[in-house]
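Me: I would like to go through this model step by step, with questions that can be settled from the coordinates. Please reason each reply through before naming the value or residue asked for.

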Amino acid sequence: MLADLAMRDGHPVVAFDCFGDLDLQRSATRVVAPPGAGLTALVDAVAAAPAGGVVYGASFENHPALVARLAEGRTLLGNTPRTLRAVRDPARLGAALRDAGLAYPRTRATPPAERSRRWLRKPLRGGGGSRVHDWRGGSLPAGSILQERIDGVACSAAAVGDGADAVVLGLTEQLIGQRVFGVRGYRWCGNLVPPRLPAAERGALLGQARAICSHLAAAFALRGLFGVDLVWDGDRAWTVEVNPRPTASLEAIEDAYGVGAFVAHVRAFAGELPPIADGLSGAAGKAVLFATEDVVIGDSVRWLDRGVRDVPHPGERIAAGRPICTVVATATTPEGALAGLEEQAAQVRAELEPRVEVAACGHSG
């Protein structure tokens, strides 16, 4: 998605990617996908490439040391390691929000003495709702925190900051634990734009999101694209987490709001913020389809013609619980967009082949 947004705005792109999907190979100027690549391998590959501007995506916010390596000898179009450490610290984030009168759930690093509240156990270095569970007592694993569970609609704001202020590009409703897309619990699997809320509540949420994003940009010197995960309880927007890099919702934001996300990202580093978006031009959605069993990919080339994204290679084996691809949809309403996503997901899943392992120890005859 990030490469597509950059190419759409006229930038030549060399993409360093863990998967090297079919659609990325068709769109980027060059794709580098080191075998068995993790984040460290990607950074090693970047270090061996000619210098230029570099933009990082998901998971790097949890690895500021790797971001520091990315920035060596290059123009970093992203938040600095210092900013990442600060804004991803729940204690510092909570203090900054509460000092401004903004809502942040109770968050703690040790189990509480009383059990009158409902708590979620979350990893400090997490993302996408992975390893988030209801806490029912007991000790906390290392690297985990407890955060009070807030009832409401899971939403997010996509914004762009210049280090002193921010502009909200759009709001989304997060798709969480949707079994039709192969996930359960608190696992993220997509976004709908706009959120399925009454118009008055949507307006109130937007106003609060603008205040939250502007305050966070100034408090933590956030620059470029970033996202804020929120829970809307019908009256207040509770900040749950900040993702200080381009977020996965941006392609749906662009489709529904008609904004240029990547150009806004680049210009923010020159101190220029875009005008506030006029309003919606429709509804849009995206959903990541996860494998519910081990599968083998068949003729995925035809998926490209249907607009499927993050398309794996024919014959690729995908284990249960891993992402298969991304489907996208536009409609006049978010309900219509969700229906389109579900229809596409069902079509892709019907074309998957279960992986069968055959073991033999001799010949018969």
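Me: Is Cys 325 buried or exposed in this predicted model?
Reply: The model is a predicted one, and the relative accessible area computed for Cys 325 is 2%. Because the cut-off for burial is under 20%, this places Cys 325 in the class called buried.

Me: Which cysteine sulfur is the nearest to that of Cys 325, and how many disulfides does the whole structure hold?
Reply: A search of the whole structure finds zero disulfides, and Cys 325 is accordingly in none. A disulfide would need two cysteine sulfur atoms within 2.5 Å, whereas the nearest cysteine sulfur to Cys 325 is 12 Å away. That sulfur belongs to Cys 189.

Me: What is the relative accessibility of Cys 155, and which cysteine has the sulfur nearest to it?
Reply: Cys 155 is in no disulfide either, with the nearest cysteine sulfur 12 Å away, that of Cys 213. Cys 155 counts as buried, its relative accessibility being 0%.

Me: Which helix gives the largest share of the largest nonpolar core?
Reply: This core has 52 residues, and those touching the most other members are Leu 205, Ile 212, Cys 213, Leu 216, Phe 220, Leu 222 and Val 228. Seven residues of the core, its largest share, come from one helix, which spans residues 199-220 and is numbered α7.

Me: Which residues does Leu 205 touch, leaving aside those up to four places away in sequence?
Reply: Leu 205 is one of the residues that touch the most other members of the 52-residue core. With residues up to four places away in sequence not counted, the contacts of Leu 205 are Cys 155, Leu 171, Pro 195, Leu 197, Leu 230, Trp 232 and Ala 237.

Me: How many residues make up the other core, apart from the largest one?
Reply: Another nonpolar core lies apart from the largest, and among its members are Leu 22, Val 183, Ile 318 and Leu 341. The number of residues in this other core is 29.

Me: How many residues apart are Asp 151 and Arg 118, which meet in a salt bridge?
Reply: The side chains of Asp 151 and Arg 118 meet at 2.4 Å, N to O. Asp 151 lies in the loop between β8 (144-148) and β9 (153-162), while Arg 118 lies in the loop between β5 (107-108) and β6 (119-123), so that, with elements numbered from the N terminus, the pair links distant parts of the chain, 33 residues apart.

Me: Which residues are joined into one network by salt bridges that share partners?
Reply: Asp 134, in strand β7 (residues 133-135), and Arg 149, in the loop between β8 and β9, form a salt bridge with the closest N and O atoms 3.7 Å apart. Asp 134 is partly exposed at 30% relative accessibility, and Arg 149 is likewise partly exposed, with a relative accessible area of 30%. Asp 151 also forms a salt bridge with Arg 149, again with 3.7 Å between the closest N and O atoms. Shared partners thus join into one network Arg 118, Asp 134, Arg 149 and Asp 151.

Me: Which are the edge strands of the open sheet that contains β15?
Reply: Three strands form this sheet in the order β16-β15-β18, with antiparallel pairing. Strand β15 (residues 295-296) pairs with β18 over two bridges, and Val 295 has Pro 354 as its bridge partner in β18. The strands that pair on one side only are β16 (317-318) and β18 (353-354).

Conventions. Residues numbered from 1 in each chain as written. Predicted model: local features only at pLDDT ≥ 70, side-chain atom pairs only at ≥ 80, totals over all residues. Heavy atoms only, no water. Pairing = 2+ DSSP bridges. Helix = DSSP H or I, 4+ residues; strand = E, 2+ residues; numbered from the N terminus. Salt bridge = Lys/Arg side-chain N within 4 Å of Asp/Glu carboxyl O. Buried < 20%, exposed > 50% of the residue type's maximum accessible area, 1.4 Å probe, protein only. Core = buried A, V, L, I, M, F, W, Y, C linked by side-chain atoms within 4.5 Å. Contact = heavy atoms within 4.5 Å.
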